[in-house]
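Visitor: I've got a model open and a few minutes to spare. Can you walk me through it, starting wherever you like?

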Amino acid sequence: MPLLRVHKVTPEDEIGYFAPRTWEFWRALIICFCLGCIGGHWLEIPYCTFMDHCFGIVSEGYPVWTDPWYHPYGVYGVGAVVMTLAIEPLKERFVMRRRTLWGAVLQTFALAVVLSMALELVVGLLVNQPDAAGEYPYWDNSDLPLNVLGQAWLVNDVLIGMVAVVYVWVIFPLVCEGFMRLSPRAANVVFGLLVAAFAACCVVSYVQLAL
């Protein structure tokens with residue numbers, strides 16, 4: 001009976017996904033945007049439940065408690081795009097310069113944490129401004145240690161950085177590889193179906209919320 005062969009991941013396996021001059025790259029990125037919008041919503045539900053239970057920092061009026069499961073959270077789709085464009089090319093450089101893949105992973109993680117903090121701070125300053133009474137509409141990190149201007153929080157950023165590492169090292173390459181295994185025509189058909197499904201989620205959820 002032949003032994004099962006386990007493919008050993010090499011640096012070459014992690015190179016070549018950042019190809020912004022190709023349709024294949026943008027096709028995968030668009031799908032990752034769609035997946036990020038929906039998947040980010042799903043991840044936020046248990047995360048906010050845990051954070052509210054332990055720290056009481058999530059407002060009762062935060063939409064995550066009432067939004068339908070298929071409602072897209074665009075910030076996470078944008079986050080996936082930003083992480084791809086900002087981290088993926090640097091990740092490939094880290095892979096070539098580091099002696100081990102784990103060294104490249106750790107360097108990617110450090111970069112992701114810093115970028116996550118910047119994104120969280122910008123989003124907070126744009127959509128989470130306090131009202132006349134000084135109360136934040138969505139979250140209030142001002143009493144927490146390691147917060148940045150009451151908006152970003154290092155604990156958040158470390159967790160987001162971990163998700164970002166999984167995304168750039170696993171999810172984005174898997175999406176790219178999945179399309180590469182299909183014929184060009186089949187890949188475009190699958191792409192069109194997935195985008196249509198995402199658009200349907202957007203239309204249905206926003207109509208439902210507007211009623």
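Guide: Let's start with His41, which lies in helix H1. Helices here are DSSP runs of H or I with at least four residues, strands are runs of E with at least two, and both are numbered from the N terminus.

Visitor: Is His41 buried or exposed?

Guide: His41 counts as buried because its relative accessibility is 0%. The cut-offs are under 20% relative accessible area for buried, over 50% for exposed, and partly exposed in between, with a 1.4 Å probe and protein chains only.

Visitor: And which residues is His41 in contact with?

Guide: Leaving aside neighbours within four places in sequence, His41 is in contact with Val64, Asp67, Pro68, Trp69, His71, Tyr73 and Tyr76. Contact means heavy atoms within 4.5 Å.

Visitor: Before I go on, what sort of model is this?

Guide: It's a predicted model, where local features need pLDDT of at least 70 and side-chain atom pairs count only at pLDDT 80 or more, while totals for chains, interfaces and linings use all residues. Residues are numbered from 1 along each chain as its sequence is written, and side-chain values use heavy atoms, with hydrogens and water left out.

Visitor: Okay, back to H1. What about Leu43?

Guide: Leu43 lies in helix H1 too, but Leu43 counts as exposed because its relative accessibility is 52%. Its C-alpha is 19 Å from that of Gln151, and the two are 108 residues apart in sequence.

Visitor: Zooming out, how many helices and strands does the chain have?

Guide: Five helices and two strands. Along the sequence the pattern reads α-α-α-β-β-α-α.

Visitor: And the overall dimensions?

Guide: Along the principal axes, the C-alpha atoms fill a box of roughly 65 × 45 × 40 Å. The chain has 211 residues, and 35% of them are buried. Of the contacts with a separation of 6 or more, 71% are between residues 24 or more positions apart.

Visitor: What's on the surface?

Guide: The chain exposes about 12,900 Å², and carbon and sulfur atoms supply 70% of that. Those areas come from the Shrake-Rupley method with a 1.4 Å probe; for residues, only the protein chains shown count as cover.

Visitor: Switching to charges, how many salt bridges does the structure hold?

Guide: One. Lys91 forms a salt bridge with Glu88, with the closest N and O atoms 3.2 Å apart. The term means a side-chain nitrogen of Lys or Arg within 4 Å of a carboxyl oxygen of Asp or Glu.

Visitor: How do Lys91 and Glu88 sit in the helix?

Guide: They're three residues apart in helix H2 (residues 74-97), so about one helical turn separates them. Both Lys91 and Glu88 are buried.

Visitor: Anything else in H2?

Guide: Ile87 is in helix H2, and Ile87 counts as buried because its relative accessibility is 1%. Beyond neighbours within four places in sequence, Ile87 is in contact with Val82, Thr108, Leu111, Ala112, Leu115 and Val168. Ile87 and Ser205 are 118 residues apart in sequence, and their C-alpha atoms are 31 Å apart.

Visitor: Where does Ser205 sit, then?

Guide: Ser205 is in H5, and is one of the buried residues there, along with Ala187, Phe191, Phe198 and Cys202.

Visitor: What covers the buried residues of H5?

Guide: The cover includes helix H1 (23-55) and helix H4 (154-180).

Visitor: Does the length of H5 work out, and what span should I expect for it?

Guide: It agrees: H5 (residues 184-210) has 27 residues, so at 1.5 Å a residue it should span 39 Å, and its end C-alpha atoms are 39 Å apart. The expected span is 1.5 Å times one less than the number of residues.

Visitor: What about the loop between H4 and H5?

Guide: Ser183 lies there. Ser183 counts as partly exposed because its relative accessibility is 40%.

Visitor: Last topic: which residues have odd backbone angles?

Guide: Take Leu146, where phi is near 65 degrees, a positive value in a residue other than glycine. Leu146 is in the loop between helix H3 (101-127) and strand S1 (147-148), and counts as exposed because its relative accessibility is 56%. Leu149 also has a positive phi, near 55 degrees. Leu149 sits in the loop between S1 and strand S2 (152-153), and counts as exposed because its relative accessibility is 59%.
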